[in-house]
Amino acid sequence: MDEPTLIQVIAQVARELAAPEADEASLEAALVHVREQTGAEVSFDDEQRVVVRWPAGGGDPAQVAFEQALGDVLALAREAIGRDSDVTLNPQSFLAELDRCASAARWRDRQLSLCVFDVEGLTLGPGIDESRLVELVGATARRSVRQGDVVGHLGAGRFALLFPRAGTFEARAAFKRVRDHLGELNIDGDGVSCAQAGFAELDEDGTQDLLAAALERLRTARVRHAYTGPIGPGSPPTTPLAG
């Protein structure tokens, strides 16, 4: 097969496995797709490495590159599909998932958005069961977003929401639901809250650093809130802090 055709096969496999609803059956379907398009049999060896058997033998540079790319795509997909979606990801896992979703969005429709926010009222430190508090907040957030959206804990009281196939409009609506539900929590007699958030959306060329952009917008939102103070019925009069 020529190189353009092999590239098209890889692109199709990546699109299928990047779908939020992709599961183990999607992996099997992808292998069938490869066989139908190339005639090659694809399987996994005892160490779970991809093995490609070409009908007329392999070794061509284009075939070798195809095998490497296919192995990388399938390995990434298996890791993502095998991950329990009903968990709050730690910083390392969340960053890995952000990279995976950004790569998938570049193959697909370039739709990916991120929300970062701080939860006020969490007491973290020595003698405190931090994992219990983080999971309680994470579970509340997961109940407020779609199946396939990702909730992560970035450290201390900072959390993040990742929205595949969604823009900032959907992310803002989801954050409002998360904020409302967190406001109903009672942790050891104390309430928690999250007022400001930073949002970012994958740009047209797909090269934007989403996390850095969201964190900068969170910082800007917090500064703006500190400068203006709360505004609403019953709020005390406020003046700019700079006088």
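**Entry 1: helix α7**

I started with E216 and R219, which sit three residues apart in helix α7, so about one helical turn separates them. I'm working on a predicted model here. The two side chains meet in a salt bridge, 2.7 Å from N to O. I then looked up how open each partner is. E216 comes out at 38% relative accessible area, so I noted E216 as partly exposed. R219 has 45% relative accessibility and is also put down as partly exposed.

Helix α7 runs over residues 210-228, and R217 is found there too. I got 43% relative accessibility for R217, which falls between the 20% and 50% cut-offs and therefore counts as partly exposed.

**Entry 2: the positive patch**

Which residues form the positive surface patch? I found R217 in the patch, along with R172, K176 and R179. Helix α6, residues 168-182, gives the largest share of the patch, with three residues.

**Entry 3: other salt bridges**

Back to pairing, with one reminder to myself: side chains of opposite charge can pair when their charged atoms come close. My search of the whole structure turned up eight salt bridges.

One of them joins E97 to R100, and I read 3.0 Å between their closest N and O atoms. Both residues lie in helix α4, which covers residues 91-107, and they are three residues apart, about one turn of the helix. Buried or exposed, I wondered, is E97? The relative accessible area of E97 is 8%, so E97 is buried. R100 has 18% relative accessibility; buried means under 20%, so R100 counts as buried as well.

Next I looked at R146 and D149, a salt bridge with its closest N and O atoms 2.6 Å apart. For R146 I have a relative accessible area of 38%, so this arginine is partly exposed. D149 is at 9% relative accessibility and so goes down as buried.

I also came across a network of salt bridges, which links D118, E120, R158 and R222.

**Entry 4: aromatic rings**

Rings next. I counted four aromatic pairs. I took F117 with F159 to begin with: the ring centres are 6.2 Å apart and the planes are at 20 degrees, so I logged the pair as stacked. What parts of the chain does this pair link? F117 belongs to strand β3 (residues 112-118) and F159 to strand β5 (residues 158-164), so I wrote them down as distant parts of the chain, 42 residues apart. Both F117 and F159 are buried.

F117 also pairs with F175, where I have 5.5 Å between ring centres and 55 degrees between planes, so this pair is tilted. Here too the pair links distant parts of the chain: F117 is in strand β3, F175 is in helix α6, and their positions lie 58 residues apart in the numbering. I checked burial again, and F175 is buried, as is F117.

Which residues do the ring pairs link into a cluster? I listed F117, F159, F175 and F199.

**Entry 5: where things overlap**

Looking back over my notes, helix α6 came up twice. Helix α6 supplies three residues of the positive patch, and F175, the tilted partner of F117, is in helix α6. Helix α7 also came up twice for me: R217 of the patch is found there, and the salt bridge partners E216 and R219 are in helix α7 too.

Key:
Residues numbered from 1 in each chain as written. Predicted model: local features only at pLDDT ≥ 70, side-chain atom pairs only at ≥ 80, totals over all residues. Heavy atoms only, no water. Patch = residues over 30% accessible without salt bridge, like charges linked within 9 Å, V, L, I, M, F, W, Y side chains within 5 Å. Areas by Shrake-Rupley, 256 points an atom, 1.4 Å probe, with all protein chains shown as cover. Salt bridge = Lys/Arg side-chain N within 4 Å of Asp/Glu carboxyl O. Lys, Arg positive; Asp, Glu negative; His and termini not counted. Charge placed at Lys NZ, Arg CZ, Asp CG, Glu CD. Helix = DSSP H or I, 4+ residues; strand = E, 2+ residues; numbered from the N terminus. Buried < 20%, exposed > 50% of the residue type's maximum accessible area, 1.4 Å probe, protein only. Phe/Tyr/Trp six-rings, centres within 6.5 Å; stacked < 30°, edge-to-face > 60°.
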